[in-house]
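This briefing covers a set of paired strands and one pocket. Please look over the sequence and the structure below before reading on.

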Amino acid sequence: MNSSEVFNIAWAAILKNKVRSLLTMLGIIIGVAAVIVMVAISAGTEATINEEINSLGANLVFVQSTFTRGGASGLPEGGLVYDDAAAIAEGVDGVSGVVVEQSASQTIKANGVVLDAVTLLGSTADFPSVRDMSIEDGRYFNDLEVDRNQKVAVLGSSLAEELFGEADPIGQDITVGTTRLVVIGVLEEKGLVGDVDYDSRLYMPISVVLDKFTQSQFSRIMGDRVRLIYVEVEDQENLDNIILQIQLLLAKRHDLPLEEADFTVTTQQDIIGTQEATTAAFRSLLGWVAGVSLIVGGIGIMNIMLVSVTERTREIGIRQSIGATPSDIRWQFLTEALLLSLVGGLLGVIFGVGGAWIFGSASGMRTVVVT
């Protein structure tokens, strides 16, 4: 028999026993579909994390405090202070912007509206550039206003709408806690990034937050210590040199050797690389799961085909009596097994892609089908 005859006979045998064929393929279908859905969830999570990291801004270096326990008081010692940010901006070549942030939460009153537990974000003047945010109306505060503790505020887009509706908020007074501020700008809509709603925040000079809205006696004792400084570099190719300059400058300011530095310097690529390494390990695990699933499915097909040979001895005898050789019979059953595997794999792909889409739509979790 030629190959086309073998294929036709094998396909006819599969169609003759549709239910058994479907049950035989079930292991392959479930295994392939499950792997596609799991990989799609993994890829979607990875893409979401990458977007969140990149949404912080472009070409960023993160300088983070590593506090140590101090003496009898047990309070943290060392770490970054607010003046370190100014030193980096002035003393490191290739830096286009430096931002320090300090958050708090207060009740806000304006235009007859009262909002509780609104997040306040104190920052420096480079915030819109470094954090890739744009002004929709008015302006952002400048370095002079930060230095002079000017009581000015910039509103996120949704916060501005909640407080003032269709009215123009620029120049309007708002009361934050017991402190009155003047609105000088409104940011463009940025949306929800991760679990942070940038549009519902109120932005003001960090000096005002440190002076007026420290959260506890502990934070007052800590003074102007900060946990994180964002540094935007002009040229990505000069990144290593800029990191070295930052490390040497801060080590000198803190009077510490680099080996005992009370800060760490990382980049977006460092964070993404760590996340990708974790995802790669998870995908490797999925690869092993896929292998086991397919092996189980293959064993199922093998078992059914062995049973099928036993049940179809009459058919085999008839074929041999009309001239079929043992090789022809062997190729017929191998072709049936191959077709069952291919059709099962194709159905698994279809169900897997559809399942990934349905899961993403129903759960709200992002899924990305890897091709």
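In this predicted model, strand β6, residues 102-110, pairs with strand β7, residues 113-123, in the antiparallel sense. Eight bridges join β6 and β7. On another pairing, β7 runs parallel to strand β14, residues 202-205.

**The β6–β7 hairpin**

- β6 and β7 form a hairpin, with two residues between them.
- Asn111 lies in the turn and has a positive phi of about 55°.
- Within the pairing of β6 with β7, Ala104 stands opposite Leu120 of β7.

**The β7–β14 pairing**

- The parallel pairing of β7 with β14 extends over four bridges.
- Leu120 of β7 stands opposite Leu202 in β14.
- Leu120 thus has a part in both pairings, facing Ala104 as well as Leu202.

**The second largest pocket**

- The second largest pocket holds about 270 Å³ of space.
- Two elements each give two or more residues to the lining of this pocket, namely α3 (82-91) and α5 (143-147).
- The lining consists of 13 residues, and α3 supplies the largest share of them, with six residues.
- Which residues lie nearest the centre of the second largest pocket? They are Tyr82, Ala85, Ala86, Thr124 and Asp143.
- By class, seven residues of the lining are nonpolar, five are charged and one is polar.

Methods. Residues are numbered from 1 along each chain as its sequence is written. This is a predicted model: local features need pLDDT of at least 70, side-chain atom pairs count only at pLDDT 80 or more; totals for chains, interfaces and linings use all residues. Side-chain values use heavy atoms; hydrogens and water are left out. On a 1 Å grid over the protein atoms alone, a cavity is a set of points where a 1.4 Å probe fits but cannot get out, and a pocket is an open set with protein on both sides within 12 Å along at least five of seven lines; lining residues have an atom within 4 Å of a point. Grid points are joined across faces, edges and corners, and a volume is the space filled by probe spheres set on the points. Ala, Val, Leu, Ile, Met, Phe, Trp, Tyr, Cys and Pro count as nonpolar, Asp, Glu, Lys and Arg as charged, and the others, Gly among them, as polar. Two strands pair if DSSP finds at least two bridges between them.
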